[in-house]
Amino acid sequence: MEKIDGIAWDDSGLRQGTAVIFIHGFPFNRSMWAPQIEALSGTYRVISYDVRGHGQSDVGYGQYSLEFFVDDLIAGMDHLKIESAVLCGLSMGGYIALRAAQRHADRLKGLILCDTKSEADSDEVKIKRATSIRAVKKDGVKSFAEGFVKNVLTEKTLLTKPNLAASVRKMIEANPPIGISGALLAMAARTDTTAALAGITVPTLILVGEEDKLTPPSVSEAMAKKIPHAVFHIIPEAAHLSNLENPAIFNEHLFTFLKSI
Ligand code: MLT
């Protein structure tokens, strides 16, 4: 792990291979990409980092913006001397990747968007974010994590893979309340990147868990249709954390896509 401007980065795999940068969802950390990093590291340069306020990255005052999250990504790429990379973002990580694609198109070799969407928050979602911040302040991160885990995994995963559910809960619990609240505010205030989808020229892969309640397959498919030549796949037996719930199928699509670049 190396800290760059307060952000914790891991850089491993094949140094001379194409760089793939993994951006985690909210409110997790870079360890959520372990099955992908392990699978890809013999062939690609695999990089992951903790979004500000999460994992081992600095928390600061919690006044975040999606714009600053993109600044952190580009600062890390500059520091690691990565001119261009394939960005792979899940959910909030996808929001960051999409905004980076809009602001810094020249830094992208490809785009992998998992369980995410381009639309900004509706009023209803903004109000839910405020409710979550209140809950984190009042009841703490542990109770927030308990509810969140149930929303991001399938019922079957919760019943049959208790270790996976426990590790997801642990990832959430390890984040400080200021980091969680700051990320909620940043997501609520993010721009809508839908209008920019038609201008994405790099190869794009879109993956979504078949039971994803937060970004349902219909929303992902609609986004795929707006991106020229995007490839779209639904991951069976998975909800919002499709890379963790069905890593075999997820990684198969990842390899096929990366080989095609
Ligand atoms: C995520 O997984 O990153 C979040 O569910 C995204 C969101 O709350 O919009």
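S91 turns up in the loop that runs between β5 (85-90) and α3. That's a handy place to start in this predicted model, since S91 is also one of the residues around the ligand. From there we can look at who surrounds the ligand, then at the pocket it fills, and finally at a separate cavity and an unusual peptide bond.

**S91 and its loop**
- The phi angle of S91 is near 55°, which is a positive value in a residue other than glycine.
- S91 also reaches the ligand: an N or O atom in its side chain is 3.0 Å from a ligand oxygen atom.

**Who's around the ligand**
- Besides S91, the ligand's neighbours include G25, F26, M92 and Y95.
- Further along the chain, R129, F148, M187, L214 and H240 are around the ligand too.
- Sorted by class, this shell holds 6 nonpolar, 3 polar and 1 charged residues.

**Polar contacts with the ligand**
- Y95 puts a polar side-chain atom 2.5 Å from an oxygen atom of the ligand.
- R129 does something similar, with a polar side-chain atom 2.7 Å from a ligand oxygen.
- How much of the ligand's accessible area does the protein cover? On its own the ligand has 270 Å² of accessible area, and the protein covers 91% of that.

**The pocket that holds the ligand**
- The ligand takes up the space of the largest pocket.
- That pocket has a volume of about 590 Å³.
- Its lining is made of 22 residues, and those nearest the centre are V125, K128, R129, F148 and L214. You've already met R129, F148 and L214, as they are also on the list of residues around the ligand.
- Four helices each give at least two residues to the pocket lining: α3 (92-103), α4 (123-139), α5 (141-152) and α8 (177-188).
- Which helix gives the most to this lining? It's α4, with 7 residues.
- By class, the pocket lining splits into 10 nonpolar, 7 polar and 5 charged residues.

**A cavity as well**
- How many cavities of 30 Å³ or more are there? The count comes to 1.
- The largest cavity holds about 70 Å³ of space.
- Residues lining the cavity include L66, E67, Y95, L98 and R99. Y95 is a name to remember here, because it's listed around the ligand as well.
- Also in the cavity lining are K117, S118, E119, R190, T191 and T193.
- α2 (66-79) and α3 each supply at least two of the cavity's lining residues, and α3 gives the most, with 3.
- The cavity lining has 3 nonpolar, 3 polar and 5 charged residues.

**A cis bond beside the ligand**
- What kind of peptide bond joins F26 and P27? It's a cis bond, with omega at about -10°.
- P27 has its place in the loop between β3 (19-23) and α1 (34-40).
- F26, on the other end of that cis bond, is one of the residues around the ligand.

Terms used: Residues are numbered from 1 along each chain as its sequence is written. This is a predicted model: local features need pLDDT of at least 70, side-chain atom pairs count only at pLDDT 80 or more; totals for chains, interfaces and linings use all residues. Side-chain values use heavy atoms; hydrogens and water are left out. A residue is near a molecule or strand if one of its heavy atoms lies within 4 Å of it. A polar contact is a pair of N or O atoms within 3.5 Å; within protein, one must be able to donate a hydrogen and the other to accept it, and residues adjacent in sequence count only if both atoms are side-chain atoms. Accessible areas come from the Shrake-Rupley method with a 1.4 Å probe; for residues, only the protein chains shown count as cover. On a 1 Å grid over the protein atoms alone, a cavity is a set of points where a 1.4 Å probe fits but cannot get out, and a pocket is an open set with protein on both sides within 12 Å along at least five of seven lines; lining residues have an atom within 4 Å of a point. A molecule sits in a cavity or pocket if more than half of its atoms lie within 2 Å of its grid points. Ala, Val, Leu, Ile, Met, Phe, Trp, Tyr, Cys and Pro count as nonpolar, Asp, Glu, Lys and Arg as charged, and the others, Gly among them, as polar. Grid points are joined across faces, edges and corners, and a volume is the space filled by probe spheres set on the points.
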